Amino acid sequence: MDQLSFKTLAKLGYKGYLKKKAPEKVLQFGEGNFLRAFVEDFLDQANEKADWNGKVAIVQPTPRGRKTDAINAQDGLYTLYLRGSENGRKVDEKRVISSVSRCINPYRDYGGFIEAACGKDLEIITSNTTEAGIAYDPAMKLEDRPCLSFPGKLTQALYARFQKGLPGLLILSCELIDNNGKELLKCVNHHIDDWKLGDAFKQYVNEENTFCSTLVDRIVPGGARDEAESAAMDAANGYTDALKDVGECFGIWIIEGDASLNDRLPFHKAGLDKFVQVVPDVAPYKKRKVRILNGAHTGFVLGSYLAGQDIVRDCMHNETIKGFMNKMLYEEVIPTLPLDKQDLQDFAAAVADRFNNPFVDHQLLSISLNSTSKWRTRNMPSFKDYVAAQGRLPVCLTMSLAAYIAFYSCDVQRRERDGLICRRPNGNEYKVQDDAWVLDFYSAHRADTPEDLVHAVLANETMWGEDLTRTAGLEEAVVRDLKCIRTDGAEKAFASCL
């Protein structure tokens, strides 16, 4: 079979949408699976539905990038598969993405990188350089060809535009850190000061460029699961594709900024408001994601594992577990959040669909990593807000705390270097993985009575930032729930909440 390219598709008589040529309107730092299944997907639809007429020039972010040559060999083309469940219906769709023009390796072609950054049609910069990518590194120099860090490269690019008198850009950071746009701007300003680039350039960066914080949400496992699946995909398409990408059908991109951004971005015109939204403050949407999506995971996964479940999808086919999750979300979490209730309920319904994805075997044990900090950041705020508003304990969130304790203390066998080995009720051993001090704590309390263990956990201010035994009735409730889990099993304990 021929390799994917415009020539190959023409030879095959491909009937799908393609954009062969267009100005480079986006410079993107990062060639990974996520951006190609997220940003490029939305831009490709904008080309098709709104005649945006734009292409993305990708910048390889690290010297070890492995996709540059493949992207260029395939004319920037790749097959995107979006798979999952939507309103209970199985979704399995694919399209050839043609919104990428090329990929630039700035470590081999620094001049080409700067030339692309100074393109007369350039409007937008996007990035996803991992959570560690937005960090100030004082070792970076303007003379580097290029800087190793993303903020360093961005400063070099903006300085080149400034020197040529080119207009500022819209900068959309997709890294998974709070206030990603604001943090990126701080790093650029550090470099401006360090490199003594002057007040005029600093004013240009801060006033003529727009740094937006964003929130991204789409699970992207990446390519095919194995060589056999990859070969089957290629056979069905009639071409080989070294860049095939797989993501879930759900996708949300929340962009913080003035409503006028809708005129600068192509998504509203393309009818993509369901997926891409411009809002004045991204924080409530971050809270929505953390407390509903992530909080649901941490809230039901540990107890579900003790109940004999292994993957998330199977939990959604268990009426007790799903009922427990839904009661926790709709009755205890959603009432504490500061967004439109219908919007929150729609998001929660989408979460259930996402958890039921027939194409993703999401292991409960992989979600269980570092559950101490996860419960504190994802579930405890909802718990405290509910108590403050209702004057009573939320039964499901309280049970989830007991399930956390049960998971970390279930028939402890031994402490190993990288985990605490426990045994679940069905007999198999499993490894609890968390910070060493957390594992040492549970190992030291392995022989405690339920009463002593719960007291030690709730009173541990290092775990929770406060003494939870001071919450009226909580200690007694968690002891009761823990005993129920240990005596009757986690599934019956969940059922007792319904």
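Q: Which residues lie nearest the centre of the largest pocket, and how many residues line it?

A: In general, rolling a probe the size of a water molecule over the atoms shows where empty space is left. Here, the largest pocket is lined by 35 residues, and L176, V216, K286, K289 and N294 lie nearest its centre. A pocket is an open set of points on a 1 Å grid over the protein atoms alone, where a 1.4 Å probe fits, with protein on both sides within 12 Å along at least five of seven lines; lining residues have an atom within 4 Å of a point. Please keep in mind that this is a predicted model: local features need pLDDT of at least 70, side-chain atom pairs count only at pLDDT 80 or more, and totals for chains, interfaces and linings use all residues. Residues are numbered from 1 along each chain as its sequence is written, and side-chain values use heavy atoms, with hydrogens and water left out.

Q: Which element supplies the largest share of the lining of the largest pocket?

A: Helix 11 does, with 9 residues. Strand 9, helix 15 (364-367) and helix 16 (371-390) are among the elements that each supply at least two. Helices (H or I, at least four residues) and strands (E, at least two) are DSSP runs, numbered from the N terminus.

Q: What is the strand order of the open sheet that holds strand 9?

A: Strands of a sheet pair through backbone hydrogen bonds, either parallel or antiparallel. In this model the order is 9-11-12, with mixed pairing; two strands pair if DSSP finds at least two bridges between them. Strand 9 (214-217) and strand 12 (276-279) are the edge strands, each pairing on one side only. Strand 9 and strand 11 (residues 252-256) run antiparallel, joined by 4 bridges, and T214 has I255 in strand 11 as its bridge partner.

Q: Where does helix 11 lie relative to this sheet?

A: Helix 11 (residues 283-306) lies across strand 9, strand 11 and strand 12, at about 30° to strand 9. Contact means heavy atoms within 4.5 Å. Axes are lines fitted to C-alpha atoms, for helices over the stretch in contact, and angles run from 0 to 180 degrees between N-to-C directions.

Q: What lines the second largest pocket?

A: There are 23 lining residues, with F250, K274, D346, F347 and A350 nearest the centre. Helix 14 gives the most, with 7 residues, while strand 3 also supplies at least two.
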